[in-house]
Amino acid sequence: MPVDPPVVVLAWDEDEEEEENDLPETELIDDPEKLAEIFPDAKAVLAEQDLTLLDTAHMMTVRGELPPLDEEKILSLEIEGDEADEGEELEAEELQELARFYHLDQLYSIYTPLEPIPLFVKVTAEDEMEILEPGEPMVQRLIDTFMLQDAD
């Protein structure tokens, strides 16, 4: 797992007309150029809460003491898996909102997952780190080992 909690940035489409109790459309910002463009604003708004936004090798993370959980700031997203079939249930992920900010008239929110995200990597022959996919046999063995350790 990353040492610091990972964060994601969502852009909100405020122009869409919403039905009662519906959230506006959101878009996960994962384009490196877009993240680099909004990074200074995101970093500044988190600094107001004594949090440091870090652009680490594979994801953005935040360092510092996270605010206490507030039920009103929990967002539950239904995320499609890469191999989702029609009729297959979507995986729900709960995120805690850390901050909101505007950049060029666009509303963004910064969230951290409530559940930790494990990352499995291996060192290549060139001494570089390569993230392993969850379905790889090596990852499955590691997950099984960790689950057995937690059971003890």
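Buried here means under 20% relative accessible area, exposed means over 50%, and partly exposed sits in between (1.4 Å probe, protein chains only). By that rule E37, at 36% relative accessibility, counts as partly exposed.

A quick note on the setup: this is a predicted model, where local features need pLDDT of at least 70, side-chain atom pairs count only at pLDDT 80 or more, and totals for chains, interfaces and linings use all residues. Residues are numbered from 1 along each chain as its sequence is written, and side-chain values use heavy atoms, with hydrogens and water left out.

**Salt bridges**

Take a salt bridge as a side-chain nitrogen of Lys or Arg within 4 Å of a carboxyl oxygen of Asp or Glu, and the count comes to three.

| Pair | Closest N to O | Relative accessibility |
|---|---|---|
| D4 and R63 | 2.8 Å | D4 12%, R63 45% |
| K34 and E37 | 3.5 Å | K34 24%, E37 36% |
| R100 and E97 | 2.6 Å | R100 42%, E97 11% |

Helices (H or I, at least four residues) and strands (E, at least two) are DSSP runs, numbered from the N terminus. D4 sits in the segment before β1 and R63 in strand β4, so their salt bridge ties together parts 59 residues apart in sequence. K34 and E37 both belong to helix α1, three residues apart, which is about one turn of the helix.

**Nonpolar cores**

A nonpolar core is a set of buried Ala, Val, Leu, Ile, Met, Phe, Trp, Tyr and Cys residues joined through side-chain atoms within 4.5 Å. The largest one has 19 residues, and V9, L46 and I110 touch the most other members. At least two residues each come from β1 (8-12), α1 (32-47), β4 (60-63), β6 and β7 (106-113), with α1 giving the most, six residues. Another core of six residues lies apart from it, including L10, W12, L75 and L107.

**Q96 and I110**

Contact means heavy atoms within 4.5 Å. Leaving out residues up to four places away in sequence, I110 touches, among others, V9, L46, Q96 and E97.

Q96 itself is in strand β6 (residues 91-103), and it counts as buried because its relative accessibility is 6%. With the same sequence cut, the contacts of Q96 include P67, P68, K73, I110 and Y111. Its side chain reaches the backbone oxygen of P67 at 3.0 Å.

Note on methods
A polar contact is a pair of N or O atoms within 3.5 Å; within protein, one must be able to donate a hydrogen and the other to accept it, and residues adjacent in sequence count only if both atoms are side-chain atoms.
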